[in-house]
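Here is a friendly briefing to read alongside the model. Take a moment to turn the structure around before going through the points.

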Amino acid sequence: MPPHEHTGHPRRWAILGVLVISLLVVVLDNTILNVALRTLADPVHGLGASQGELEWSINSYTLVFAGLLFTFGVLGDRAGRKRFLLIGLVLFGLASVLSAYAQSPAQLIAARALMGVGGAAIMPVTLSIISNVFDPRERGRAIGVWAGAVGLAVAIGPILGGALLEHYWWGSVFLINAPVVALGVVLVALLVPESRDPDPGRVDVVGVLLSVVGLVALTYGIIDGGEHGFGRPVVWAAILGGLAVLAWFVAYERRSDHPSLDVWLFRVPRFAAPVAIVGLIFFAATGVMFFSSFYLQLVRGFSPLETGLLYLPFAAAQLIFAPSSAAMVRRYGGRAVATVGLALTVAALGVFAFVDATTPIWVVLVVFFLQGTGMANIMPPATESIMSALPREKAGVGSAVSNTIRQVAGALGVAVLGSVLSAVYRADVESALRDLPAGASEAAGESISGAYAAAGQLGPAAPQLIAVADDAFLAAMHWAAGLAAATAALGIVVVLRWMPGRPAARPGEPAPVGEAELAGTA
């Protein structure tokens with residue numbers, strides 16, 4: 001392509017704005033849910049959800065989302081990306097209304113799973129459309145803006161969710177998706193061009209089923225073990241069965257001529273290293289975000305709105321640094337930028353292993369800002385490396401892999417770190433529950449939310465129970481945060497060993513991996 005030739009769409013920046021709105025509705029939902037967890041656990045003002053049910057309200061969405069991403073990426077390439085984006089937005093909006101009016105935790109979990117179907121239709125086509133309407137020389141900047149939109153959603157979600165919970169019932173945090181979806185549908189219909197893969201693959205039905213069954217079984221075993229103990233055969237049957245099905249999935253994908261996950265791509269360092277980084281960082285960060293909401297609202301006593309405002313430094317850092325990360329990569333190379341980003345994230349997550357009930361809140365704000373800065377300098381270069389490792393017409397593959405790893409890792413992060421949190425909490429609080437009435441003892445032994453609910457019925461004994469529950473929760477949070485920081489630190493090893501350094505191409509012109517290199521991995 002001659003240096004002066006530009007292959008981008010004339011309305012590419014307006015299209016990017018529309019895609020950001022479509023992305024907001026997906027990310028907004030999960031960030032709003034974080035501040036609503038405490039309310040959902042309340043038996044009076046919420047649904048009385050247990051710790052495990054709260055985890056499933058997150059993971060039912062993420063597992064369905066992740067399980068369908070590959071197939072929906074192929075279907076979007078085949079049927080039309082704009083068409084699939086519209087279908088996904090409408091389905092997401094309808095499922096949001098069902099979530100808002102759920103009458104039990106089970107109904108909420110089911111509605112959230114349906115939202116995952118809509119999200120799986122939305123997310124992969126946004127990156128695919130970006131790769132098709134932007135010239136490769138502008139793609140890094142566009143992806144930086146796309147990633148910055150995640151920071152915007154992180155900023156809006158908790159604040160909006162907290163404000164809604166202050167004035168309305170808990171279902172309003174889901175109902176707010178409806179106007180965003182309506183705006184997105186109108187703008188997509190008017191501005192986004194239709195595009196397709198000229199050579200779409202067949203749908204890998206067996207692969208999709210295996211991946212969904214394996215992930216659900218594995219996550220169920222981890223969550224159930226964390227909630228009720230790992231000494232029961234059913235827990236290990238679910239965990240080992242899930243791992244066996246996932247191993248079967250990988251073996252099947254290696255032999256398939258139309259795989260939903262092309263496992264041979266993982267032999268390309270430019271593709272595999274950033275995928276691993278994305279997985280490690282979202283495993284750690286999503287788990288920490290899950291328990292930090294309980295820390296802020298229960299141990300520190302902040303309202304949902306105040307909690308949302310406390311997440312602002314994280315979101316502000318992403319908004320500030322994510323759009324400029326592409327320029328940093330051009331100047332210093334992806335390896336250097338990602339290493340610094342990971343180091344900041346590891347340091348931020350590690351601080352949570354030391355905070356307690358009296359830590360100055362400005363320390364927590366600085367920690368959130370450092371984490372946001374670190375992740376803002378990890379995700380855009382990692383995503384750009386993944387997308388540029390594939391030919392333009394195969395953008396859906398890179399998008400599906402990147403987002404699937406992110407969602408699966410986030411689900412496992414909530415499951416694993418949530419299980420560590422539950423197990424340590426139960427072990428530490430157990431001795432203080434022996435003299436409590438049976439109902440209060442059972443509730444307080446399950447989670448810190450249950451302890452606060454039980455304390456409301458104990459009269460003079462309430463302060464002692466709350467103090468014990470706070471101490472047990474903080475000890476559990478320290479263990480979970482330490483594990484999260486250690487997991488994120490593995491990303492530094494991956495970056496230094498396998499991540500490509502300074503790009504060899506001219507500044508602003510990423511050089512995609514050619515078909516020959518990909519073919520050589522097969």
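Helices here are DSSP runs of H or I with at least four residues, strands are runs of E with at least two, and both are numbered from the N terminus. Counted that way, the chain in this predicted model has 21 helices and zero strands. The points below start with the whole chain, then turn to three helix pairs and two individual residues.

**The chain as a whole**

- Of the 522 residues in the chain, 59% are buried.
- Among contacts with a separation of 6 or more, 83% join residues that are 24 or more positions apart.
- The chain has an accessible surface of about 19500 Å², and carbon and sulfur atoms account for 68% of that area.

**Helix 10 with helix 15**

- Helix 10 covers residues 269-299 and helix 15 covers residues 361-376; their axes lie 13 Å apart at an angle of about 160 degrees.
- Angles over 145 degrees count as roughly antiparallel, so these two helices, helix 10 and helix 15, are described as roughly antiparallel to each other.
- The crossing of helix 10 past helix 15 is left-handed.
- On the helix 10 side, the contact uses I281, F282, A285, M289, S292, Y295 and L296, while helix 15 offers I361, V364, F368, Q371 and M375.
- Sorted by class, this contact between helix 10 and helix 15 has 10 nonpolar residues, two polar ones and no charged ones.

**Helix 12 with helix 15**

- Helix 15 also packs with helix 12 (residues 312-321), at an angle of about 30 degrees and with the axes 7 Å apart.
- Angles under 35 degrees count as roughly parallel, so helix 12 and helix 15 are roughly parallel to each other.
- Here the crossing is right-handed, as helix 12 passes helix 15.
- P313, F314, A317, Q318 and F321 of helix 12 meet a set of helix 15 residues: L365, F368, F369, Q371, G372, T373, M375 and A376.
- The class count for helix 12 with helix 15 is nine nonpolar, four polar and no charged residues.

**Helix 14 with helix 20**

- Helix 14 (residues 334-351) packs with helix 20 (residues 462-498), with 8 Å between their axes and an angle of about 170 degrees.
- That angle makes helix 14 roughly antiparallel to helix 20.
- From helix 14, the contact draws on R335, A338, T339, L342, A343, V346, L349 and G350; from helix 20, on A481, A484, A485, A488, A489, G491, I492, V495 and L496.
- In the contact of helix 14 with helix 20, 13 residues are nonpolar, three are polar and one is charged.

**Q371, a residue to look up in helix 15**

- Q371 sits in helix 15, and this residue takes part in the contact with helix 10 as well as the one with helix 12.
- Is Q371 buried or exposed? Buried means under 20% relative accessible area, and Q371 counts as buried because its relative accessibility is 1%.
- Leaving aside residues up to four places away in sequence, Q371 touches A285, M289, F314, T345, A348 and L349.

**L261, in a loop**

- L261 belongs to the loop between helix 9 (233-255) and helix 10.
- With a relative accessible area of 12%, L261 is buried.
- What separates L261 from S211 in sequence and in space? L261 and S211 are 50 residues apart in sequence, and their C-alpha atoms are 9.8 Å apart.

How values were computed:
Residues are numbered from 1 along each chain as its sequence is written. This is a predicted model: local features need pLDDT of at least 70, side-chain atom pairs count only at pLDDT 80 or more; totals for chains, interfaces and linings use all residues. Side-chain values use heavy atoms; hydrogens and water are left out. Buried means under 20% relative accessible area, exposed over 50%, partly exposed in between (1.4 Å probe, protein chains only). Contact means heavy atoms within 4.5 Å. Accessible areas come from the Shrake-Rupley method with a 1.4 Å probe; for residues, only the protein chains shown count as cover. Axes are lines fitted to C-alpha atoms, for helices over the stretch in contact, and angles run from 0 to 180 degrees between N-to-C directions. Angles under 35 degrees count as roughly parallel, over 145 as roughly antiparallel, 65 to 115 as roughly perpendicular and the rest as oblique. A crossing is left-handed if the near helix is turned anticlockwise from the far one by less than a right angle, and right-handed if clockwise. Ala, Val, Leu, Ile, Met, Phe, Trp, Tyr, Cys and Pro count as nonpolar, Asp, Glu, Lys and Arg as charged, and the others, Gly among them, as polar.
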